[in-house]
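Visitor: Could you take me on a close look at the largest cavity in this model? I would like to know what lines it and what lies around it.

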Amino acid sequence: MARRFQAFAVIVVLLAMSATAVADVTTTFYGYIKLDASYDSAMTNDGDFAYIVLPYEDGEKDDEFNMTAKQTRFGVKFDGGGTDAVDMSGVIEFDFYGGGAENKPNPMLRKAYMLFKTSAVDILAGQTSDVISPIVPTTLNYIVLWKSGDIGYRRPQIRLTKAVVVADDTKLKFAVSANRSMGRDKNGGETVGMPSFQGRVAVGTKLVGRYMEIGVSGLMGREEATSVADTMTYELDQSVVAVDVSLPLGDMVTLKGQYFTGKNLGQYLGGVGQGIAEVPVEGAGSTELVEIEASGWWAQLTVKPLESWQFNVGAGSDDPELDEDDTAGNNLEKNTTYFGNVIWTVTPSAAVGVEYAMIETEYMIRDEEETTTESYQNSRLQLSFMYKF
C-alpha cells in the first residue's frame with residue numbers, strides 16, 4: 001500500500017515538473033484536507049458515507065460511528081501551451097475512496113481531462129463529470145444525494161460546449177458529449193459496441209442582481225447484460241430527461257434543485273442504483289431482462305446571512321418502478337433523504353460544518369402470498385473539518 005501511495009506522489013510531482021518544462025505551461029496545486037466524523041442510528045451502506053438504510057428487525061437497530069479522511073482531495077491544474085487560436089488547459093484530480101484499509105486508503109482518479117478553447121467551440125477530452133445533472137446539493141455527506149434524487153457521476157468522454165450571448169447578461173449554453181458506455185457486463189460496458197450520448201441546453205441570466213440558470217439535459221445509451229436464468233444476452237436502453245434550476249431569491253437566499261425521469265439508470269446512480277429487472281415472459285415459461293423506470297428529485301434552500309456562515313436545508317427522493325415478479329433481487333422501492341447543515345468559514349482557507357440527515361429506505365418484500373413494503377429509517381449526525389489550499 002505504501003508503495004502505491006509513493007508511486008502516486010511521484011507521478012504527481014513528475015507531472016508538475018514536466019509541465020513547467022514546457023514553454024508557457026504553468027501548474028497550480030489545489031484541493032483540501034477533510035475529516036468526517038459521523039454517527040448513524042442504524043447501519044447504512046457504506047458507513048463513511050450513507051446511501052441507504054440497511055434492514056433491521058423491529059427495535060433491533062444497530063448504530064454505528066465512523067471517522068475518515070478519505071474525502072481529502074488533491075488536484076493539479078495546467079494552463080498554457082496553446083496558440084493564438086487555441087487556449088489549452090487541463091486538470092488531474094484524486095481523492096482517496098479507491099478502496100483499501102480505512103487508515104491506508106488507495107487514491108481514486110476523479111478527473112483527468114484536457115480542454116481546447118477556441119472561438120468556435122470548446123473541446124474537452126478526458127474524464128470528468130457527466131453533462132446531465134451538472135449541479136449538486138451542498139451536503140457534508142460525500143454522496144450528494146446520489147440514489148436519493150441526484151443522478152450523474154464521472155466517466156471518460158469527449159465533450160463539445162458553446163455559449164452564445166443573446167442579450168445583456170443573458171447566455172444560451174449548449175453541451176453534447178460522447179461517453180464511455182458503462183454497464184454490469186463483465187467488460188464494464190464496452191461490449192455494447194458504441195458510446196453513450198449526453199446533451200444539455202441551458203439559459204442563464206441575471207435575476208435580483210445575481211446569476212440564475214435553468215437547464216434541460218438528456219441521455220441516450222445502451223447496456224449489454226446477460227440473463228441469470230437462461231444466460232441470454234440483451235441490449236437494453238439507458239435514457240433520461242432532467243431539468244435543473246439554480247434560482248436566487250435575494251441577496252442572501254438561493255433555491256436550486258433537479259427533477260429527472262428515465263430508465264436503466266443504475267450506472268448513473270438513479271433508480272436507487274437499480275437499472276435492470278428479470279421478469280417472466282407471459283405464457284412463455286421463461287424470463288427476460290427489462291429496463292427499470294425511475295424518477296426522482298432534489299431541492300435545496302441556501303441562506304447566507306454573512307460571508308462566513310452558510311445554512312442549507314433540503315430533501316431528495318428516488319422512486320424506481322419495481323416489478324413484483326422480478327427475480328433479479330431488486331428490492332429498493334424508494335429512498336428519501338432530508339438534510340440540514342450549517343457551515344462556518346473560520347478563516348478563508350478553513351471551514352467547519354455540522355449536518356443532520358434523516359434517511360428513509362423502503363424495501364419491497366416478496367413472498368408467495370402477497371407483496372408488502374417495509375420502511376427503515378436512520379438519523380445521521382456528521383461533523384466535518386476542512387482545510388482548503
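Guide: Happy to! The largest cavity has a volume of about 80 Å³, in what is a predicted model. It belongs to a count of two cavities of 30 Å³ or more. Rolling a probe the size of a water molecule over the atoms is what reveals empty space of this kind.

Now for the walls. Lining the largest cavity are Ala50, Thr139, Asn141, Ile143, Val144, Leu145, Thr337, Phe339, Glu355, Ala357 and Ile359. Two elements give two or more residues to this lining: strand S21 (332-347) and strand S22 (350-366). S22 provides the largest share, with three residues. Sorted by class, the lining holds seven nonpolar, three polar and one charged residues.

Ile143 is a good place to step from the cavity to the packing, as this residue is part of the lining and also belongs to the largest nonpolar core. That core has 19 residues, and those touching the most other members are Phe49, Tyr51, Ile52, Val53, Tyr142, Ile143 and Trp146. Strand S3 (50-53) and S22 each supply at least two residues of the core, and the largest share, four residues, comes from S3. Leaving aside residues up to four places away in sequence, Ile143 touches Phe49, Ala50 and Tyr51. Of these contacts, Ala50 is itself a lining residue of the cavity.

Apart from this core lies another, of nine residues, including Ile132, Leu265, Tyr268 and Ala294. As a general backdrop, nonpolar side chains in soluble globular proteins tend to be buried together.

Note on methods: Residues numbered from 1 in each chain as written. Predicted model: local features only at pLDDT ≥ 70, side-chain atom pairs only at ≥ 80, totals over all residues. Heavy atoms only, no water. 1 Å grid on protein atoms, 1.4 Å probe; cavity = no way out; pocket = protein on both sides within 12 Å on 5 of 7 lines; lining within 4 Å. Points joined across faces, edges and corners; volume = space filled by probe spheres on them. Nonpolar A, V, L, I, M, F, W, Y, C, P; charged D, E, K, R; others polar. Core = buried A, V, L, I, M, F, W, Y, C linked by side-chain atoms within 4.5 Å. Buried < 20%, exposed > 50% of the residue type's maximum accessible area, 1.4 Å probe, protein only. Contact = heavy atoms within 4.5 Å.
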